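Q: I have a new structure in front of me. Can you show me how to read it, feature by feature?

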Amino acid sequence: MKMIKEIISNFKIYGDFITAKPFGNGHINDTYLVQFNQAGVEVKYILRKINKFVFKNPEAVVNNTVKVNNHIAKKLTELEIKDVSNRVMQLVESNKKNYHFEDENNDFWCVVLFIDNAYTVEKIENEEQAFRAAKAFGQFQNFLLDADASKYQDTIPNFHNLKGRLSDFDVALENDLVGRVKSTTKEIEIANGYKYLEEKITVMIENNELPIRITHNDTKINNVMLNKETNLEQCVIDLDTVMPGTVLYDFGDMVRTFTSPVDEDEKDVSKVTMRIKIFEKLVQGYLTDLSSVLSKIEIDNLVYGAMVITYEQLIRFLTDYINGDVYYSTKYNDHNLVRTRTQIALLESIIEQKDEMEKIVSKYRIP
């Protein structure tokens, strides 16, 4: 408590400190909910320490977030949207007139105003949630279509570089650091069988066929805040991974995380499937603001993006398992292997329903 009070004193927050407690269930950054008494009114803030292991350049994380927030706030103001402060994250300025504080351990901290009257959910429970969350990400993307990607930095270099992920996978197989290759021959064979998915995305990016846009890169349902009174989409949060990319990544990760009815560490893979009704609502929501403005090549490859991202996550889990679980936190020995198997099952389900998925995309596109 004392440490948190000292850290947050480096930001321009007025009033009396009341309390602080750990907040959320994220596995990357240390996050705290901090309360202040401001002239008799209780005001809440979110204090976060940016994980230096994951984000090698934490200042870039903060700078990108500030740019995105300012860009979207300007668009909301131009549209005469009311209560902009609750529709976009509000970073708090530090005493040094920037938006971060670097402590004696060279850890970066930032503060955002807590958004009241809104909530998040951890898993898609119904079609309406899928529509609302996807609509929020679509609107977020639409606001950023004219953002200059050259002014943003990569917060995690090569984050969605499937070619690089496969290279890391091959190195892991060759080194076999903890002797797990022999026991995972089935999963390795399956993973190698889908390597063909990498070629097309690599060619499109290297040939500049896909527009490089400012994308979110972590489009899970719990990164959308829904209004407590209306249940409508209110704000997209967790902008640490906002950086130049392609909409195929964001759309693909929505499909990966929205459509399966079970968690990504479900041991019974027979429960894993790509729910086509959830997918349709996802498409409808995402294309509400984007159908007429995305390029033809983007819309034509949205379903392919779902396959690429699911395969990429499969490779990341399997690589980490073979390397001895050095990146993802695990609760038991085969945790990453279980995660790998769920991604295999989901990828297979997506491929099986590919034609129907593409018909749905065509249904909601504007020619």
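Q: Is Lys49 buried, partly exposed or exposed, and what is its relative accessible area?
A: First, a caution: this is a predicted model. To class a residue, read its relative accessible area: under 20% is buried, over 50% is exposed, and the range in between is partly exposed. Lys49 has 21%, so it counts as partly exposed.

Q: Which residue forms a salt bridge with Lys49?
A: Look for a side-chain nitrogen of Lys or Arg within 4 Å of a carboxyl oxygen of Asp or Glu. Here the partner is Asp107, with the closest N and O atoms 4.0 Å apart. The two residues sit in distant parts of the chain, 58 residues apart. Lys49 belongs to strand β3, while Asp107 lies in the loop between β4 and β5. Asp107 has a relative accessible area of 13%, so it is buried.

Q: Which residues are linked with Lys49 and Asp107 in a network?
A: Follow the salt bridges from residue to residue. Asp30 and Lys52 join Lys49 and Asp107 in a network of salt bridges.

Q: How many salt bridges does the whole structure have?
A: A search finds 21. Take two further cases. Asp218 and Lys220 meet through their side chains, at 2.5 Å from N to O. Asp218 is at 16% relative accessibility, so it counts as buried. Lys220 is partly exposed, with 27%.

Q: What is the other case?
A: Lys135 and Glu233 form a salt bridge, and their closest N and O atoms are 3.2 Å apart. This pair also links distant parts of the chain: Lys135 is in helix α3, Glu233 is in strand β9, and 98 residues separate them. Both Lys135 and Glu233 are buried.

Q: Where does helix α3 lie?
A: For a helix on strands, ask what it crosses and at what angle. Helix α3 covers residues 127–143 and lies across β8 and β9. It runs at about 50° to β9.

Q: In what order do the strands of that sheet come?
A: Read a sheet from one edge to the other. This open sheet has 3 strands in the order β6-β8-β9, with antiparallel pairing. Its edge strands are β6 (118–119) and β9 (233–236), each pairing on one side only. Strand β8, residues 224–227, pairs with β9 over 3 bridges, in the antiparallel sense. To see the register, find Val224: it stands opposite Val236 in β9.

Q: What should I know about side chains in a strand?
A: In a regular strand the side chains alternate between the two faces of the sheet.

Q: Which residue in the loop between β8 and β9 should I look at?
A: Try Asn231, which is found in that loop. Check its backbone angle. Its phi is positive, near 65°, in a residue other than glycine. At 40% relative accessibility, Asn231 counts as partly exposed.

Q: Where else is there a positive phi in a residue that is not a glycine?
A: Go to Lys97, with a phi of about 65°. Lys97 is found in the loop between α2 (58–78) and β4. Its relative accessible area is 63%, so Lys97 is exposed.

Q: How many residues lie between β4 and β5 in their hairpin?
A: Look at the turn that joins two paired strands. This one has 5 residues between them, and Asn106 in the turn has a positive phi of about 65°. Strand β4 (residues 101–102) is joined to β5 by 2 bridges, and the two run antiparallel. In β5, Phe108 is the bridge partner of Glu102.

Q: Which strand besides β4 pairs with β5, and over how many bridges?
A: Strand β3, residues 41–50, pairs with β5 over 6 bridges, again antiparallel. Leu47 stands opposite Val111 in β5.

Q: Why is β5 called largely enclosed?
A: Count the buried residues along the strand. In β5 (residues 108–113), 5 of the 6 are buried, so the rest of the structure largely encloses it.

Q: Which residues make a nonpolar surface patch?
A: Turn to the outside and look for neighbouring nonpolar side chains. Phe53, Val326 and Tyr327 make a patch of about 320 Å². Val326 is found in the loop between α10 (302–323) and α11 (335–352). With a relative accessible area of 57%, Val326 is exposed.

How values were computed. Residues are numbered from 1 along each chain as its sequence is written. This is a predicted model: local features need pLDDT of at least 70, side-chain atom pairs count only at pLDDT 80 or more; totals for chains, interfaces and linings use all residues. Side-chain values use heavy atoms; hydrogens and water are left out. Patches are made of residues with over 30% relative accessible area and no salt bridge: like charges are joined within 9 Å, nonpolar side chains (Val, Leu, Ile, Met, Phe, Trp, Tyr) within 5 Å. Accessible areas come from the Shrake-Rupley method with a 1.4 Å probe; for residues, only the protein chains shown count as cover. Helices (H or I, at least four residues) and strands (E, at least two) are DSSP runs, numbered from the N terminus. Buried means under 20% relative accessible area, exposed over 50%, partly exposed in between (1.4 Å probe, protein chains only). Two strands pair if DSSP finds at least two bridges between them. Contact means heavy atoms within 4.5 Å. Axes are lines fitted to C-alpha atoms, for helices over the stretch in contact, and angles run from 0 to 180 degrees between N-to-C directions.
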